[in-house]
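Please open the structure in your viewer and keep the selection panel at hand. The stops below say what to select next and what is to be found there.

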Amino acid sequence: MPTVDDTSVLSPAEIEAVTALARQYEARRGACIEALRIVQRSHGWISDERLREVARLLEMSADELDGVATFYNLIFRRPVGRHVILICDSVSCWIMGYETLRDAFHTQLGVRLGETTSDGRFTLLPIVCLGACDHAPTIMIDDDLHHDVDAAHLDALLERYP
C-alpha cells in the first residue's frame with residue numbers, strides 16, 4: 001500500500017478518501033474515476049501533480065490514469081470556471097434550438113465553446129448527450145440539469161450561479 005508523504009499535493013482528507021475508496025476494490029485502479037472526482041470536487045480540476053499523486057495512491061502509472069481522465073469528459077484536466085455549463089449538442093437538442101442557445105451563450109458570456117469567462121465564473125463546454133432528449137434543448141450547470149432551455153431567459157438562469 002502506498003505511504004503518505006509530507007510533500008503531497010493532496011490534502012490529508014483527500015488522501016484518506018481516495019485510500020478508503022480504493023480499499024473497496026479488489027484492484028485499486030477500479031476506484032480511478034471516483035478518486036479523480038473526489039480530488040476535482042476540492043480543486044475544480046485535475047492538475048498533472050494531483051493526477052500523479054492519485055495514480056500513486058491507486059498503484060497506477062500516471063499515463064494510465066491520464067488515459068482514463070482524458071477519456072471521461074467530466075474530468076477536467078485544465079482549469080475551469082466556478083461553474084461549468086455543459087450544452088448538449090445531440091440531434092434532439094440541435095433540432096430544438098441548440099444553435100440559437102449556443103449563440104446566446106456566446107453573446108451573453110463573451111466566450112466560445114471550451115472557453116472560460118474573464119471573471120472565472122463560467123466555462124462553456126459541449127457534451128454529446130445529457131439524456132433528456134424529450135426536453136431539448138438541455139444544459140447542465142454544475143450538477144443541475146435544465147431542460148427546455150429558452151435562450152431568451154438565460155439571464156435569469158445564469159443569475160442563480162454567482
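**Stop one: the sheet**

Begin by selecting strand E1 (residues 83-88) together with E2; in this predicted model the two strands run parallel and are joined by six bridges. To find one of these pairings, pick His-83 and look across to E2, where its bridge partner is Phe-122.

Now widen the selection to the whole sheet, which is open, has four strands in the order E2-E1-E3-E4, and shows mixed pairing. Strand E2 (122-127) and strand E4 (144-146) stand at the edges, and because each has a single partner strand, one side of each is left without a neighbour in the sheet. If you look along the sheet, neighbouring strands are turned by 20° against each other on average, with direction ignored.

Next add helix H6 (residues 98-109), which packs on the sheet and touches E1, E2 and strand E3 (139-141). The direction of helix H6 makes about 155° with that of E1.

**Stop two: the nonpolar cores**

With the sheet and helix H6 still displayed, show the side chains of Ile-85, Phe-105 and Ile-139, which are the residues with the most contacts inside the largest nonpolar core, a set of 27 residues. The elements that give two or more residues to this core are E1, H6, E2, E3 and helix H7 (154-159).

Which residues is Phe-105 in contact with, leaving aside its neighbours within four places in sequence? Centre the view on Phe-105 and you will find Ile-85, Ile-87, Gly-110, Val-111, Leu-124, Ile-139, Leu-154 and Leu-158.

Then select Cys-32, Val-39, Ala-55 and Met-60, which are included in a second, separate core of 21 residues. As background to both selections, nonpolar side chains tend to be buried together in soluble globular proteins.

**Stop three: the salt bridges**

Turn now to the charged side chains, among which the count comes to eight salt bridges. Select Glu-53 and Arg-56, which form one of them, with the closest N and O atoms 2.9 Å apart. Glu-53 and Arg-56 are three residues apart in helix H3 (residues 48-57), so they are separated by about one helical turn. Colour the pair by accessibility and the two ends contrast: Glu-53 counts as buried at 9% relative accessibility, whereas Arg-56, at 28%, counts as partly exposed.

Elsewhere, salt bridges that share partners join Glu-34, Arg-37 and Arg-41 into one network. Select Glu-34 first, and follow its side chain to that of Arg-37, which it meets in a salt bridge of 3.6 Å, N to O. Both Glu-34 and Arg-37 lie in helix H2 (residues 32-43), three residues apart, which is about one turn of the helix. From Glu-34, turn next to Arg-41, where the two side chains meet in another salt bridge, with an N to O distance of 3.0 Å. Is each member of this network buried, partly exposed or exposed? Glu-34 is partly exposed, with a relative accessible area of 30%, and Arg-37 is also partly exposed, at 26%, while Arg-41 is exposed, at 54%.

**Last stop: confidence**

Finally, colour the chain by pLDDT, which averages 94, with 96% of the residues scoring at least 70. Among the elements of the chain, helix H5 (residues 91-95) has the lowest mean pLDDT, at 95, and H3 has the highest, at 98. Where pLDDT is low, the predicted coordinates should not be read in detail.

Conventions. Residues are numbered from 1 along each chain as its sequence is written. This is a predicted model: local features need pLDDT of at least 70, side-chain atom pairs count only at pLDDT 80 or more; totals for chains, interfaces and linings use all residues. Side-chain values use heavy atoms; hydrogens and water are left out. A salt bridge is a side-chain nitrogen of Lys or Arg within 4 Å of a carboxyl oxygen of Asp or Glu. Buried means under 20% relative accessible area, exposed over 50%, partly exposed in between (1.4 Å probe, protein chains only). Two strands pair if DSSP finds at least two bridges between them. Axes are lines fitted to C-alpha atoms, for helices over the stretch in contact, and angles run from 0 to 180 degrees between N-to-C directions. Contact means heavy atoms within 4.5 Å. A nonpolar core is a set of buried Ala, Val, Leu, Ile, Met, Phe, Trp, Tyr and Cys residues joined through side-chain atoms within 4.5 Å. pLDDT is the predictor's confidence in each residue, from 0 to 100.
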